[in-house]
Amino acid sequence: MASNAKPPPVSPKQREESVSPGFGCFKVALSTVLTMEIIMQLAYVFEYPNCFIDDLRKAGTTTSCALLMVSGMEERGQIAPHDISQLLDSLKDIGFLGTASKVQKLFLKHTGSLPNPVPMPNPVPSPNPVPSPNPVPSPNPNRLPNPSKSDGEEGKMEAFIEELKGTGRALYDKIQPIPYVKNKLYSVGKVFIDVGMERRDEHDHDSWRTLGSYHDIFPVEEGNPRIQIIEGDPGYGKSTLALQMVYDWCNKVSGSPFSRPDILICLNLRQLKGITSIAQAIKQFSLPFDSKLKLLDVEQLISKNNIWVIFDAYDEYPDQHNEDNFVMQMLKGDILRHVNILLTTRSSCIPPGPGALTGRLRLTGFDDAARERYIRKVVTGDDEEAVKKILEQLNINPTLGVLCQAPLFSVMYAHLTHKGGMLHKISSVTEFFGHMISCFLRHAQNKLPGANESPENPQTHADTHAALDKLAFKALTSKMQQLVWDRTSFVRELGEDFCKLYVRVGILVEEKEIYIPAPGKVRHKTVVRFYHKLFGEWYAAYHLIECVKSRSYILPENINLYDLKFLFMFACGLDQPGGSQVIKLLGERKDGAESVVLCAPQVKEWSHDILTTVRGIVSSYVRIGSDDSRLLQRSTIQLLERASQHKIPISKVVLYRSFSSVDPDSLPLVLHSGLCLPPLSTLQELVLELEWGREVTVDEWTGILNYTNHCQLLKELWLSFCLLPWMDSFPASLDNVEVSWMPILSTSFLYSLRSGKWQVRELLITKHVVITER
């Protein structure tokens, strides 16, 4: 009769001694020295996938977990019959020097080989080394080259490039134009449209020159700055442009300068909290989990080759306030001076750069032609009727045309309109964004069971919505402006169902993130963030409205008004009484004038508080500059028109290099942006500061004088830094208007209606020289 008794348990020591010598024996012995703490730290250092880490946690006993870990290390090449150096290095990195020494002794005992990376005190070679009974496994054809077995630096370089390209492809092949459409991803090459871009003149910082293409960022000519900073407002395509550059390098696109460097690396700075070197950033974010390249290899490879680095989203960089961060060291030229750097950021967050060594560029968004190219390329294809329908709504509504200068808005508009949404009645950025959010939520309502549980129902998740509003507002008004939360704490505060729902809708995004709790310790965690920062500003606006209901509320001093302009615009459009209070608070700040200009048109009915604030704004001077966005120019024009309608005196309007032309048969002044400034009945002084040396034509001069005829309260007209045509006489209706001309800074003339000639006038420079900075 067979016995049912279980065999006695085998101790680790007995188990080790019972196995035949060789690498197989070493693996079993290795499992006896790995504790749960060591196993989990190694799993994070080796960047194992979450599914494998979950299997480790569920293994049951430490012994089972250790055996699974050993098997995983062998499969990924971290231990091999003749090489365990990667394991030894990692044990040393995470502070387990004693364990590293013990592992090395076990390897020596069972294989007769002595790895070099971790020194051992007085190692004694085995007198009778026994060859491993396990044959060396044949190479996996799908695995990347192992640089440790290649021909020195050349092999490592080849492996480095291939691994960077693999990571790059994973990034640029996941473009999602509409967040809630998750089953249709695009490669960046399929959706990218060259956005408008300008380069700042290195001598005249108020002048910007239009570039023909992003290919002109790093010209071939010698002597160009090796550091280029690309600035742009939110939604202007900075990150998409960075991915297109990666695409060009990975695919060696003909004619693209971004195919020239030996190595191109793109790093999202938002992810690099606590990272202390670029080599560490590359190792952890740009190389695959099973890369054989070590940190030292990366340091050596980037120190001696033709390297271009893209730092994306500096405005979201958690360590930007640390002056000694490696990004600033590279910008200042303290390290890696041979590296070409391209940095993208919001216009309100320009890093202090090294001056002459830095070029400045800015994105100006989509013009009409770029919008049409995107619609044809991505949305409609060759369907001419669909193209016509989408473009017609833009032509009907000037507000839409201004908003769709931002590629993010333009892309959303094109896709939503193509799906049947009619947006021609949209009159403000708040209405546009609100319509976009409602489309997201309606899509979720159609896809999810139970319409009453849809987020479109205002009663559903009302309390949680308020919690999200508060969370977003708190993050945006903090010093770091980090709209990223650990998923565990986020769910604890807002709930699992809400989190899943908003991720599915596309308003929120979940992603894996590396963090370093202590030197030498690397961890992974799941974080939650908004699809785009503008979504965070939308929800934060709801909380701001709740805050200003308390009349004692004061805006925090550390708030960057320009950086959060959409937050304030959304708040003013969402709630009329609250918007009135927001504008009042903005008007009380020294830096609040531009924010008032942007926000006031969002409120349909101006209260007494708004009228008082606007009266203070226009009592000084109002500037419309060539460097202003179309959104700011449009908002400024709207504010001036409404102020004039309310009979508010407008002291001075300055068109700084923004005047383009005027049609003698029509009244508005046409700006370079295509927008028009209509006659203002309460305008008292108009200043046209033109480009240096510009020759004004007779038709333009006639049109300008005709325009002033329709500004009933106008007293002064100034033209600066231009050449005027000869005219025998001026219209008699200008009897009450002083017409002054300043061709150069030190000389000005006043036109005398009595003599019909220009006369030299005394120039009070402090009064009439235009302040050209914001």
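Start with the whole chain in view: among contacts between residues at least 6 apart in sequence, 67% join residues at least 24 apart. What you have open is a predicted model. Colour by secondary structure and you will be looking at 29 helices and 20 strands. Of the 774 residues in the chain, 52% are buried.

**Stop 1: the largest core.** Select Phe 160, Phe 311 and Phe 568. Within the largest nonpolar core, which has 201 residues, these three touch the most other members. Now add helix H22, residues 533-548, which gives this core its largest share, 10 residues.

Stay with one of the three phenylalanines for a moment. Which residues is Phe 311 in contact with, leaving aside its neighbours within four places in sequence? Show Leu 267, Leu 269 and Ile 278, then Phe 326, Val 327 and Met 330, and finally Ile 341, Leu 342, Leu 343 and Thr 344; each is in contact with Phe 311.

**Stop 2: a separate core.** Next, select Tyr 44, Cys 65, Met 73 and Ile 84. They are among the members of a second core, separate from the other and made of 33 residues.

**Stop 3: H3 and H5.** Keep Cys 65 on screen and bring up helix H3 (residues 36-45) and helix H5 (residues 62-75). Their axes come within 10 Å and cross at roughly 30 degrees. Because that angle is under 35 degrees, H3 counts as roughly parallel to H5. The crossing of H3 and H5 is left-handed. To see the contact itself, display Met 36, Ile 39, Leu 42 and Ala 43 on H3, facing Thr 62, Cys 65, Ala 66 and Met 69 on H5.

**Stop 4: H14 and H17.** For another helix pair, move to H14 (residues 368-380) and H17 (residues 407-418). Here the axes are 10 Å apart and the packing angle is about 50 degrees, so H14 and H17 are oblique to each other. Their crossing is right-handed. Turn on side chains for Arg 371, Tyr 374, Ile 375, Val 378, Val 379 and Thr 380 of H14; they meet Ser 410, Val 411, Ala 414, His 415 and His 418 of H17.

**Stop 5: the cysteines.** How many disulfides does a search of the whole structure find? The search finds 0. Select Cys 266 as an example: the nearest cysteine sulfur belongs to Cys 250 and lies 10.0 Å away, whereas a disulfide needs the two sulfur atoms within 2.5 Å. Cys 266 is buried, because its relative accessible area of 17% falls under the 20% cut-off. End at Cys 676, which is partly exposed at 36% relative accessibility.

Terms used. Residues are numbered from 1 along each chain as its sequence is written. This is a predicted model: local features need pLDDT of at least 70, side-chain atom pairs count only at pLDDT 80 or more; totals for chains, interfaces and linings use all residues. Side-chain values use heavy atoms; hydrogens and water are left out. Buried means under 20% relative accessible area, exposed over 50%, partly exposed in between (1.4 Å probe, protein chains only). A nonpolar core is a set of buried Ala, Val, Leu, Ile, Met, Phe, Trp, Tyr and Cys residues joined through side-chain atoms within 4.5 Å. Helices (H or I, at least four residues) and strands (E, at least two) are DSSP runs, numbered from the N terminus. Contact means heavy atoms within 4.5 Å. Axes are lines fitted to C-alpha atoms, for helices over the stretch in contact, and angles run from 0 to 180 degrees between N-to-C directions. Angles under 35 degrees count as roughly parallel, over 145 as roughly antiparallel, 65 to 115 as roughly perpendicular and the rest as oblique. A crossing is left-handed if the near helix is turned anticlockwise from the far one by less than a right angle, and right-handed if clockwise.
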